[in-house]
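Hi,

Here is the structure we talked about handing over. Please have a look, then read my notes below.

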Protein chains: 2
Amino acid sequence: MTTDRRFPVRLDLRHGTVDMSHGAGGRAMAQLIAEVFQAHLDNDLLRQGNDQALFTPPPGRLVMSTDGHVVSPLFFPGGDIGCLSVHGTINDVAMAGARPLYLAAGFILEEGFALQDLVRIVVSMAAAANAAGVPVVTGDTKVVERGKGDGVFITTTGVGVVPAGVTISGDLARPGDAILVSGSLGDHGVAVLSRRENLGFEVKIASDTAALHGLVAAMVAAVPDLHCLRDPTRGGLATTLNELAHQSGVGMRIRESAIPVHPAVAAACELLGLDPLYVANEGKLIAICPAARAAELLAVMRAHPLGAAASLIGEVVADPHRFVQMETAFGGSRIVDWLAGEQLPRIC
Amino acid sequence: MTTDRRFPVRLDLRHGTVDMSHGAGGRAMAQLIAEVFQAHLDNDLLRQGNDQALFTPPPGRLVMSTDGHVVSPLFFPGGDIGCLSVHGTINDVAMAGARPLYLAAGFILEEGFALQDLVRIVVSMAAAANAAGVPVVTGDTKVVERGKGDGVFITTTGVGVVPAGVTISGDLARPGDAILVSGSLGDHGVAVLSRRENLGFEVKIASDTAALHGLVAAMVAAVPDLHCLRDPTRGGLATTLNELAHQSGVGMRIRESAIPVHPAVAAACELLGLDPLYVANEGKLIAICPAARAAELLAVMRAHPLGAAASLIGEVVADPHRFVQMETAFGGSRIVDWLAGEQLPRIC
């Protein structure tokens, strides 16, 4: 970075902390933006330096999605709030079958937050954005007094372009359709909880946080008549299936034995009294497609690194009650309801 | 709203409060979204009910802008965080000369926040979005524990389309250009501060919070070769002019006598030890255009209700130091520097 005559003294990124002046709109905020955000997230659009980013998207349908991130703790096995805030919004955009184009990021910082931690988070965001090929092109910074926030909250918003001929929506599940998941469930929630509670699990469980747009692109290219995609984040697989059943006015039947859960996650859930079906994921997706396309879709998913453990877990059925029912490992059947109450607060 | 079998008992919007389950992704969150957010912000795109909104923008260049809102108090003379979060982002989009199309809204709620206040804020957002013709098409809700937030923070993101032939950017100010402001300065900051400090100003001062895209559209139509537009929010006129001078590599000369400030605001600023040039505005803009177009631009601005008190306040000059200088009311000259430190925290 070149020297900027506005800032004769560089920020002390090793020992410094966020203070109220960093959100006041003046010289201190300009310096924080230059030496922390622009220094790491640098790209042509961000460098425009205006209060908005200008770009020409490809013609066609766009999607926009926004997601606030308040995960606690900020750093957890397998990730942190920085990469999570990039992956989470890329995934919400991708779940329309879209190719994510750009991200915006709004930071709400708490007075006293260590600049060293902020830099670590921004570096993680930049790495995630670069790896995904989806740059952060505009942003905003606010600061609240000590005790009025919690370190940092990051709200990211993404836009993406939907390929011609693709129409994916939560209301398109039809009786007979196949239900697939892209991999094992519960990793993110258990990883965050293990750090929060200082649980020393013998087997380390890492968050699955990942950007799924590459997997989605492969799926959409092979099976453009995919009906639904959704990432089972807060509320887990159980709640997401209930959302889709409600939106589409259908029921679902799933098989417990077909649902992938890492043994370590299953053991941790048993210890903690959690049901992995309700635990959050940040790098998994649910897909619903015509039964005749299920085998092909499953093969495409398994051929992608982020879908290697994909599984066909059940099918959509006609049901005016819109129930999600599960055939248990013991051969019985039970209703899998929406998450009620709070299982794991501030998981993302 | 029709009865939803998922929610046998309606939320108690009079006496209820936000609890952690409202951010957990399950049934309680779905109910909060249905009975508070969708109930008031309702539109076709939001009703899609997916994690992202799908739309087809007009062809051409788009802009995206994001803004977190942490104003304290949440309700102030002339507005509240709800309408402010709509106006703020519409204005950031409009400052590229763009026509705002859609908004996304991310809420971070504090456990214990009164649902009655949340509804009041969402109703205000809806009214502002409807009046502006810019709907909120997607959103997100998170909840943090008591003492980890401050009632509600709202991050809004907007997209808009830039008319063909219009190129407005902070780096386009050229020596000789005219500098105009659309009206009186300091109203928003003083209105918020008066409520925060419970100052009983005899003359009530109201925030100027307003959506400026209609004014911008008229200006761009009349003077498409406008060089710069920016809204002087945090840091006020002084800081925004310094930003533009820095970006364009120019100096500026302004005349204090030409800068409109309401007498009540000037008096309040004197009482509080504030300089109105550094106080935030939420319904004003600065425009920079070729000198030959200044008279026409001023006439167009004055013909619009939000520009009735518009004024030509100075001109751009060549200056390698990029100083903003002001001819004072007493005939002297002084340098108007960037805001240093924090004058008014959490003003937006």
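**Salt bridges and cavities**

Asp67(B) and Lys142(A) pair through their side chains in a salt bridge, 3.1 Å from N to O. Asp67(B) sits in strand β2 (residues 62-69) of chain B and Lys142(A) in strand β6 (residues 136-144) of chain A, so this pair joins two chains. Keep in mind that the model is predicted.

Both partners are buried. Asp67(B) has a relative accessible area of 11%. For Lys142(A) the value is 2%. Each counts as buried because the cut-off is under 20%.

A second bridge joins two chains as well. The side chains of Asp337(A) and Arg27(B) meet at 2.8 Å, N to O. Asp337(A) lies in the segment after β14 (333-335) of chain A, and Arg27(B) in helix α1 (residues 27-41) of chain B, so the pair spans two chains. Here the partners are partly exposed: Asp337(A) has a relative accessible area of 34%, and Arg27(B) is at 22%.

Next, a bridge inside chain B. Asp208(B) forms a salt bridge with Lys284(B), with the closest N and O atoms 3.0 Å apart. The pair links distant parts of the chain, 76 residues apart. Asp208(B) is in the loop between α4 (187-196) and α5 (213-222). Lys284(B) is in the loop between α7 (263-272) and β11 (286-289). Asp208(B) is buried at 11% relative accessibility, and Lys284(B) is buried at 9%.

There is also a network. Asp67(A), Arg234(A), Asp140(B) and Lys142(B) are joined by salt bridges that share partners. Over all chains, the search finds 34 salt bridges.

Now the cavities. The whole structure holds six of 30 Å³ or more.

- The largest has a volume of about 120 Å³. Its lining is 16 residues, and those nearest its centre are Ala24(A), Arg234(B), Leu344(B), Pro345(B) and Ile347(B). By class, the lining has 10 nonpolar, three polar and three charged residues.
- The second largest holds about 70 Å³ of space. Chain A residues in its lining include Val70(A), Arg234(A), Leu344(A) and Pro345(A). From chain B, the lining includes Met20(B), Gly23(B), Ala24(B) and Lys142(B). By class, this lining has eight nonpolar, one polar and three charged residues.

Arg234(A) and Lys142(B) turn up twice: they belong to the salt-bridge network, and they line the second largest cavity.

Best wishes

Methods
Residues are numbered from 1 along each chain as its sequence is written. Chains are lettered from A and ligands numbered from 1 in the order in which they are written. This is a predicted model: local features need pLDDT of at least 70, side-chain atom pairs count only at pLDDT 80 or more; totals for chains, interfaces and linings use all residues. Side-chain values use heavy atoms; hydrogens and water are left out. On a 1 Å grid over the protein atoms alone, a cavity is a set of points where a 1.4 Å probe fits but cannot get out, and a pocket is an open set with protein on both sides within 12 Å along at least five of seven lines; lining residues have an atom within 4 Å of a point. Grid points are joined across faces, edges and corners, and a volume is the space filled by probe spheres set on the points. Ala, Val, Leu, Ile, Met, Phe, Trp, Tyr, Cys and Pro count as nonpolar, Asp, Glu, Lys and Arg as charged, and the others, Gly among them, as polar. A salt bridge is a side-chain nitrogen of Lys or Arg within 4 Å of a carboxyl oxygen of Asp or Glu. Helices (H or I, at least four residues) and strands (E, at least two) are DSSP runs, numbered from the N terminus. Buried means under 20% relative accessible area, exposed over 50%, partly exposed in between (1.4 Å probe, protein chains only).
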